[in-house]
Structure formats: C-alpha cells, structure tokens
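Student: I have just opened this structure and would like some help finding my way around. Could we go through it together?

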Amino acid sequence: MREVVAGLLIPFAGTTLGASLVFFIKGNISIRSQKALNGFASGVMIAASVWSLLIPSMEMTAGNAFPWLPAAAGFLAGVFFLLLLDKVIPHFHTADSQAEGPDFHLKKATMLFLAVTIHNIPEGMAVGAVFAGLLAENTSLSIVGAMTLSIGITIQNFPEGAIVSAPMKEFGFSKMKAFLFGFVSGAVEPVAAFLTVLLSPFLVPVLPGFLAFAAGAMIYVVVEELIPDSQQGKHSDTGTICTALGFTVMMVLDVALG
C-alpha cells in the first residue's frame, strides 16, 4: 500500500519542483526554453501512452475475439472526453492570441491555469488506473511498471510546473503567487489518481478500455496544446529535438524497468 500511495503522489512532487523554478529564474523564461519544455513533455506523454497504457491494454485482451476493440474504443473515448472539456471550460494557451471555450470574461492568468489543470486530469487518471489494476492483481501489470509510469509522469510534470508558474510572473504576480498557481494546478493530479483507485471495483472489469481512455486523453493534450506550443514561431527545431529526447527517456525507462 505504501508503494501505491507513493506512486500516486510522486507526480505531484514533479509539478511542485517545476513551479519552484520561478524563485530562481531571473527575468522571463525564454521562448526557446518554453519550446524545449513543451517538446520534452510531449515526448514523455506520447511514450507513456504507448508503452505504459496502450500496450498493457491490448495485452489484457489478447485472447479475445477482437483484442483491439477495447483499446480502440477507449482511446477514442479519451480523445472526445478531453475535446468536451475543451469546449465547456474556458482556457488559454500561451501560443494562442485568443481564449478557447465559453466566454466567461476571465483573466488570461486564470484561463492559462485552467488549461494546464485540464490536462493534468488524464495524467492523474492514467497513474490511478495502472495502480488500480495492480491492486486488482492484474497479471499484465507490475509494481515496477506502475512506478515507471509514475516516474515518467513526474519527469514530464517538472517542465509543466515551470510552464505554468513562469508566465504568471509575466502577468504581474509575485513569485510566491506564481508558484502557487503551478502548485495548485498540479494538485488535481493526485486527486484524480486517488478517485480512480477508489473506483477500482467498477473499473477493473473495463480496465483495458480505461487504460486506453487515459492514453487517448493524454495524446489529445499533446496534439492540441503541447506540440503546437512547441512548433509555432522561431526555434521550432528546439521543440522537435526535445520531443524526441522526452520520448526516448520515457521509452528507455519503460522498457528497461517495466
């Protein structure tokens, strides 16, 4: 049980550490650095979606008549779930000049906070789903594999925390308030993870589909937000290189440890 609690909380530590960079960065974070952070996070999330979620999902249904069906259906459901959140929650991406979602006349800082909070939900769900399957003694999952996903999300959350807190300072907030924005944006992740584990009695029968659901939600975030943010304007090659680095790091972690 200790390993489960630690695995659910470790990713939150990554966001907190990333947000704390606002205390040490002089001036504003450079465009190149922002693209590097977004690119690296993209690579980690793509690799985690494939090796830690989709492949285990398909392994669980290997003996079924249509082994690909739960993974395919769950993946698409995850994509459309995040699409729905994008439509009903007002939010703002740093690479865009206009806000998305309903027009509630919120400040840019609030909408940027909501944008990051939205895509922390599937990350928490992904970690929670893997540990829920582990607690149910699913043979396709192991404590090492679950911790590998948790560590990978933690690595991805480090730049994510900085992506939130640094722009808040640019919006005129003090360093402490900017840090708190990043800190709170990450708090939704362990909440989503713990709720997923609590729902495990209902999720275990559909665990393959739910793992794929989390993967689809994460891929939506990558394609909708992180990659566009890393590719618009100058220094797009920095985003591309860091995407490859993030993917490689997560792939090596999962294959070597999982």
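Tutor: Happily; we will take one helix, then a surface patch, then a single side chain, keeping in mind that this is a predicted model.

Student: How far does helix α5 reach from its first C-alpha to its last?

Tutor: Helix α5 covers residues 143-170, which is 28 residues. At 1.5 Å a residue, a span of 40 Å is expected. The model comes close to that, with a reach of 41 Å.

Student: At which residue does α5 bend?

Tutor: Look for a proline in α5: P159 follows the bend within four residues. The bend is about 30 degrees. Its place is N157.

Student: How many of the residues of α5 are buried?

Tutor: A residue counts as buried when its relative accessible area is under 20%. By that cut-off α5 is mostly covered. Of its 28 residues, the number buried is 22.

Student: Is F194, in helix α6, buried or partly exposed?

Tutor: F194 belongs to a nonpolar patch on the surface, together with M1, V5, L9 and L135. Buried would need a value under 20%, and exposed one over 50%. The relative accessibility of F194 is 32%, so this residue counts as partly exposed.

Student: Which residue's side chain does the side chain of S52 contact?

Tutor: You will find S52 in helix α2, residues 31-60. Its relative accessibility is 6%, so S52 counts as buried. The side chain of S52 makes a polar contact, at 2.3 Å, with the side chain of D254.

How values were computed
Residues numbered from 1 in each chain as written. Predicted model: local features only at pLDDT ≥ 70, side-chain atom pairs only at ≥ 80, totals over all residues. Heavy atoms only, no water. Helix = DSSP H or I, 4+ residues; strand = E, 2+ residues; numbered from the N terminus. Expected span 1.5 Å × (residues − 1). Bend = angle between axes of the 7 residues up to and from the residue. Buried < 20%, exposed > 50% of the residue type's maximum accessible area, 1.4 Å probe, protein only. Patch = residues over 30% accessible without salt bridge, like charges linked within 9 Å, V, L, I, M, F, W, Y side chains within 5 Å. Areas by Shrake-Rupley, 256 points an atom, 1.4 Å probe, with all protein chains shown as cover. Salt bridge = Lys/Arg side-chain N within 4 Å of Asp/Glu carboxyl O. Polar contact = N/O pair within 3.5 Å; in protein donor to acceptor, adjacent residues only side chain to side chain.
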